[in-house]
Amino acid sequence: MANDQASSDVVSDLMDFLNSSPTAFHAVDVAKKLLRSAGYEQVSEREDWKLEAGKKYFFTRNHSTIVAFAIGKRYVAGNGFYIVGAHTDSPCLKLKPVTKVTKGGYLEVGVQTYGGGLWHTWFDRDLTLAGRVIIMEEKDGIVSYLHKLVRIEEPIMRIPTLAIHLDRGVNDGFKVNTQTHLLPVLATSIKAELNKVVAENGQVENEAQTYGKKSNEKTTSDNSKHHSLLLQLLASQLGCKPDDICDLELQACDTQPSTIAGAQKEFIFSGRLDNLCMSFCSLKGLIDATSSESSLEDEAGVRMVALFDHEEVGSDSAQGAGSPAMLTALSRITNSYTSDPKILEKAIQKSFLVSADMAHALHPNYMDKHEENHQPKLHGGLVIKSNANQRYATNSVTSFLFREIASKHKIPTQDFVVRNDMPCGSTIGPILASGVGIRTVDVGAPQLSMHSIREMCAVDDVRHAYQHFKAYFQEFSHLDSKIIVD
């Protein structure tokens, strides 16, 4: 009964997670709160770790990647790590370093494309901004700089389409010019002028307050880079002055909330399902698999979730799956229990990674895009992805192990192989499999409209994913001991 209740609650919890996570920074922030409330302790990569068996920990990197782990009470150095890896980022429009664009009597915001988005879906949406800023704070004559998350709730921007009367051939094939067509409109120049006097008076007052200070005591924002109206909106949200904003890392976001929809309330309509859906289901699975006092009593390994940034652009960053972050985490945990550097090599060979990234469901209007015998359906459970050319890291052993857990709990699974005449996407799976040397299976919940501003998946598959990940954490070490390959 308790398990049924948890499976039911996971959908509602996912909705809250999606609606609270417009950016990777916010997703990590929500994840931190969930982990803390579940008894996980934050550790810092900048400090030494003092870890104990039976305890639970997490760390963040760049506040856009988060790694959480629970150490079994029977853990000794050299035992395996049982990991689910996913990613926190999604295709979007990120603000350029200089966003100030004025054309034809309009104030526009300069953006750059991030990832492989379906950019035509961003037109005529009610957009806002979210991300992080660096602000200056002065207290008792001492200047410090703070990292703060920001989100403007109301719609403040829009990318308007061109009327069909001015482009009669648009329905024959609309090709987005991402440099010229995708600039969001913030305001008209005329209305913005009404704020100019207020902004100028604020600047005069600010200059009077800072007169006589050394140049290195204060870093002021450069209003030539951004519209003063934009800085005022951000400052109002942050509770600071526009000139206190030293730098920003923002993206455009859809203001329409995620919702459970469909005539039978069987679907989830939302942005960023790829890949916040898998991020949340894996995190929730880990938390619930380590929630009771006895959860880690018989566990000899380490249960882990790693949610990386920058998957959508190749993972090559300090906080991406292509960085040493995963290997460093495994090393630091192992080395907390031994001084023998060779023990980690043994531990990796006993470890297992589930690379969880959303999968392509069969589209009823484009059925020829799927291979005949591999057509994942909504409600059909997690999709196990295979590719002979190693675009996915799945092999017969890893797929068997993951499928066997599902079979034991009567959880459905599906298979996917891309058509031979189509290119195949990839995930963090091959990156970590080759970089760390860890056994890996690539899986994901089926969805439609991948990389649209508004995506779609099934309520049942959220429950299936959560149940599968939770069972994996609870039972993998026992199952793995029954199969010998090398």
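Here is a walk through this predicted model, from its overall build to a few local details.

Let us start with the whole chain. The protein is made up of eleven helices and 20 strands. Its radius of gyration is 24 Å, close to the 23 Å that the globule rule gives for 486 residues, so the protein is as compact as a globular protein of that length. If you lay a box along the principal axes, the C-alpha atoms fill roughly 75 × 60 × 40 Å.

The contacts and the surface add to this picture. Among contacts with a separation of 6 or more, 77% join residues 24 or more positions apart. Of the 486 residues, 51% count as buried. The accessible surface comes to about 22700 Å², and carbon and sulfur atoms contribute 49% of it. As for charge, there are 50 positive and 59 negative side chains, and the centres of these two sets lie 2 Å apart.

Now for the cysteines. A disulfide is a covalent bond between the sulfur atoms of two cysteines. How many disulfides does the protein have? The count comes to zero. Cys277 is a good place to see this: its closest cysteine sulfur, in Cys281, is 4.4 Å away, which is too far for a bond because the cut-off for a disulfide is 2.5 Å. Cys457 is likewise in no disulfide, and the nearest cysteine sulfur to Cys457, that of Cys277, is 4.6 Å away. Are these two residues buried or exposed? Cys277 is buried, at 0% relative accessibility, and Cys457 is buried too, with a relative accessible area of 1%.

Finally, let us turn to the backbone. Most residues other than glycine have a negative phi, and most peptide bonds are trans. With that in mind, three places deserve a look. One is the peptide bond that joins Asp274 and Asn275, which is cis, with omega at about 15°. Asn275 is found in helix α6, which covers residues 273-288.

The next place is Asp124, where phi is positive, near 60°, although the residue is not a glycine. You will find Asp124 in the loop between β6 (106-114) and β7 (127-139). Asp124 counts as partly exposed, because its relative accessibility is 33%.

His379 also has a positive phi, of about 80°, without being a glycine. This residue sits in the loop between β15 (359-360) and β16 (382-385). At 28% relative accessibility, His379 counts as partly exposed.

Definitions and conventions
Residues numbered from 1 in each chain as written. Predicted model: local features only at pLDDT ≥ 70, side-chain atom pairs only at ≥ 80, totals over all residues. Heavy atoms only, no water. Helix = DSSP H or I, 4+ residues; strand = E, 2+ residues; numbered from the N terminus. Rg over C-alpha atoms; globule rule 2.2 N^0.38 Å. Buried < 20%, exposed > 50% of the residue type's maximum accessible area, 1.4 Å probe, protein only. Contact = heavy atoms within 4.5 Å. Areas by Shrake-Rupley, 256 points an atom, 1.4 Å probe, with all protein chains shown as cover. Lys, Arg positive; Asp, Glu negative; His and termini not counted. Charge placed at Lys NZ, Arg CZ, Asp CG, Glu CD.
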